[in-house]
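Biologist: I would like to learn how to read a model like this one, feature by feature. Where do we begin?

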Amino acid sequence: MSSKSSTDKALKVISGKWKSIILKNLIEDNLRLRDLLKIMPAASKRTLTQQLGELIEDGVIKKKDFEVYPRKVEYSITNLGRNLLPLFKELEKFGSKL
């Protein structure tokens, strides 16, 4: 019987071509999809939407639909997601040493 370790679970949440950039930016501010597309112009709308959905499923971000016309949807970090801030700081330190 094998189960995923806590480390494996955590890595699954942040692994993905754009997930770390999405999370890092949402820790700083609530953003709309169009904002994220401006920050990451090389990312496709489809890929960002997919990765946003996965982050929502994992409980680290949330989506708020303002139910107005034109449609306004905003993404924000959850309390669980805020726990990733020290991890990103450590990853930045590590990356600067490479």
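Modeller: With strand pairing. Two strands count as a pair if DSSP finds at least two bridges between them. Keep in mind that this model is predicted. Here strand 1 and strand 2 pair in the antiparallel sense, over 5 bridges.

Biologist: Which residue of strand 2 is the bridge partner of Lys64?

Modeller: Glu74 is the bridge partner of Lys64.

Biologist: How many residues of strand 2 are buried?

Modeller: Buried means under 20% relative accessible area. In strand 2, 5 of the 5 residues are buried, so the strand is largely enclosed by the rest of the structure. Check the two faces separately. Val73, Tyr75 and Ile77 are buried on one side. Glu74 and Ser76 are buried on the other. Both faces of strand 2 are therefore covered.

Biologist: Next, the backbone. What should I look for in phi and omega?

Modeller: Look for exceptions. Most residues other than glycine have a negative phi, and most peptide bonds are trans.

Biologist: What is the phi of Glu67?

Modeller: Glu67 has a positive phi of about 50°, although it is not a glycine. Glu67 sits in the loop between strand 1 and strand 2. With a relative accessible area of 72%, Glu67 is exposed.

Biologist: And which residues does the cis peptide bond join?

Modeller: The cis bond joins Tyr69 and Pro70, with omega about -5°. Pro70 lies in the loop between strand 1 and strand 2. Tyr69 has its place in the loop between strand 1 and strand 2 too.

Biologist: Is Tyr69 buried or exposed?

Modeller: Exposed means over 50% relative accessible area. Tyr69 has 81%, so it is exposed. For a distance check, take Asn30. Tyr69 and Asn30 are 39 residues apart along the chain, and their C-alpha atoms are separated by 19 Å.

Biologist: What about Leu85 and Lys24?

Modeller: Leu85 and Lys24 are 61 residues apart in sequence. Their C-alpha atoms are 7.8 Å apart in space. Leu85 belongs to helix 6, which spans residues 85–96. Its relative accessibility is 35%, so Leu85 counts as partly exposed.

Biologist: Now a polar side chain. Is Gln51 buried or exposed?

Modeller: Gln51 has 9% relative accessibility, so it counts as buried. Gln51 is found in helix 4, residues 45–57. For a buried polar side chain, ask what its polar atoms face. A polar atom of the Gln51 side chain lies 3.0 Å from the backbone nitrogen of Trp18.

Biologist: Which other residues is Gln51 in contact with?

Modeller: Leave aside neighbours within four places in sequence. Gln51 is then in contact with Gly16, Lys17, Trp18, Lys19 and Ile22. Trp18 thus appears both in this contact list and in the 3.0 Å pair.

Biologist: Last, pockets. What is the volume of the largest pocket?

Modeller: About 210 Å³. Then read the lining by element. Helix 3, helix 4 and strand 2 each supply at least two residues. Helix 3, residues 33–39, gives the most, with 3 residues.

Biologist: How many lining residues are nonpolar, polar and charged?

Modeller: The lining has 4 nonpolar, 1 polar and 6 charged residues. Among the lining residues are Arg32, Arg34, Lys45, Lys63, Arg71 and Lys72. Val73 and Tyr75 also line the pocket. You met both as buried residues of strand 2.

Technical notes:
Residues are numbered from 1 along each chain as its sequence is written. This is a predicted model: local features need pLDDT of at least 70, side-chain atom pairs count only at pLDDT 80 or more; totals for chains, interfaces and linings use all residues. Side-chain values use heavy atoms; hydrogens and water are left out. Helices (H or I, at least four residues) and strands (E, at least two) are DSSP runs, numbered from the N terminus. Buried means under 20% relative accessible area, exposed over 50%, partly exposed in between (1.4 Å probe, protein chains only). A polar contact is a pair of N or O atoms within 3.5 Å; within protein, one must be able to donate a hydrogen and the other to accept it, and residues adjacent in sequence count only if both atoms are side-chain atoms. Contact means heavy atoms within 4.5 Å. On a 1 Å grid over the protein atoms alone, a cavity is a set of points where a 1.4 Å probe fits but cannot get out, and a pocket is an open set with protein on both sides within 12 Å along at least five of seven lines; lining residues have an atom within 4 Å of a point. Grid points are joined across faces, edges and corners, and a volume is the space filled by probe spheres set on the points. Ala, Val, Leu, Ile, Met, Phe, Trp, Tyr, Cys and Pro count as nonpolar, Asp, Glu, Lys and Arg as charged, and the others, Gly among them, as polar.
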